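Please look over the sequence and the model below before reading on. The notes are meant for someone who has not seen this structure before.

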Amino acid sequence: MSLRGRTAVITGGASGIGLAISRRLAKEGASVAVFDLDYAAAERLATQLQAEGCPALAVQVDVSDRRQVDAAVAQVRAKLGPIHVLVNCAGIEAFEPFQSITEASWDRIMAVNLKGTFNCAQAMVSDMIAARWGRIINISSSSAQSGAPRMTHYAASKGAVISFTKALALELGRSGITVNTIPPGSIDTPMLRRAAAAGHLGGAGVEQIAAAMPVGRAGTPEDIAAACAFLASEEAGYITGQILGVNGGRYM
Ligand code: NAP
């Protein structure tokens, strides 16, 4: 599954699922640009990857802000070259009863999860079109497939990411670019731990959530990274517009 010679951008690449994806794509030989709000964490990771021999770059960027995205993309092109692989993983969640959701909360979730995905894909796709080769992988959520109480904004944003994936896959198919989405189930990351600690998961801790999964465990960030590395590979060239659930059987 070599990604040697490819440049990959991973948004939200400094924590949880994104961090595992950054590491895995680097291991497969890609040059890696870590886009994250948390610059210190992104810089730590980029320094580790460089020490392991992988060309890597950390960029502080809020994916919801198109000007920041464009500036970040210019940095990647200057330091690592044209972009071949984009993983849209930056995301935020909130747990709020439907009637309590404010316009600001709705807008922020949409801005990061949905508009951020649009911003990054649109800012980078010209490189892929020029190369007649590209991979866009959008991290959505099994909450969009199953529904999730007190998460109408989050589930709607991730459902829109799934629809966005299919529409873009149709549009880019003849340009040699595949577009797919991975909706994770419950993955043991800082995001899941924060939700459990705040009592948002019905009082369940990560261990109880794990026990309730058909496979009897919570997912790991590496479970998502493995699927992502496959979708980014040459071998996955005939797979586009697909939803690859990596969820331990949580949703079928
Ligand atoms: P995480 O540990 O919170 O990591 C998310 C990373 O994205 C953080 O480094 C965060 O920075 C960054 N980020 C947030 N907003 C951003 C923005 N506007 N621009 C750039 N970076 C931003 O979360 P995770 O659990 O790995 O989740 C990764 C993705 O998987 C998300 O899209 C999430 O919705 C999805 N997902 C996760 C699960 C799960 O069970 N964990 C399940 C389904 C879907 P800060 O820390 O500075 O905010």
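The points below cover the basis of the model, its cores, one helix, one strand residue and the ligand.

1. This is a predicted model, in which local features need pLDDT of at least 70 and side-chain atom pairs count only at pLDDT 80 or more, while totals for chains, interfaces and linings use all residues. Residues are numbered from 1 along each chain as its sequence is written, and side-chain values use heavy atoms, with hydrogens and water left out.

2. The largest nonpolar core (buried Ala, Val, Leu, Ile, Met, Phe, Trp, Tyr and Cys residues joined through side-chain atoms within 4.5 Å) has 36 residues. Ile-21, Leu-25, Val-87 and Ile-182 have the most contacts inside it. Elements that each supply at least two residues include strand S1 (7–11), helix H1 (16–27), strand S5 (134–139) and helix H9 (221–232); helices (H or I, at least four residues) and strands (E, at least two) are DSSP runs, numbered from the N terminus. H9 gives the most to this core, with seven residues. Apart from this core lies another, of 28 residues, among them Leu-86, Ala-121, Ile-136 and Leu-172.

3. Helix H2 has 13 residues and spans 18 Å from its first C-alpha to its last, close to the 18 Å expected at 1.5 Å a residue (1.5 Å times one less than the number of residues). Its buried residues (under 20% relative accessible area, with exposed over 50% and partly exposed in between; 1.4 Å probe, protein chains only) are Ala-41, Ala-42, Leu-45, Ala-46 and Leu-49. Seen down the axis of H2, these fall within an arc of 130° (taken from the directions from the helix axis to the C-beta atoms), so they line one face of the helix. The face turned away from them carries the exposed residues Arg-44 and Ala-51. H1, S2 and S3 are included in what covers the buried residues of H2.

4. Asn-138 lies in strand S5. Is this residue buried or exposed? Asn-138 counts as buried, because its relative accessibility is 0%. Its contacts (heavy atoms within 4.5 Å), not counting residues up to four places away in sequence, include Asn-88, Phe-164 and Ile-182.

5. Which residues are closest to the ligand? They are Ser-15, Ile-17, Tyr-154, Ile-187 and Thr-189, among the 29 that surround the ligand (a heavy atom within 4 Å). A polar side-chain atom of Asp-62 lies 2.9 Å from a nitrogen atom of the ligand, and one of Arg-194 lies 3.0 Å from an oxygen atom of the ligand.

Methods: Polar contact = N/O pair within 3.5 Å; in protein donor to acceptor, adjacent residues only side chain to side chain.
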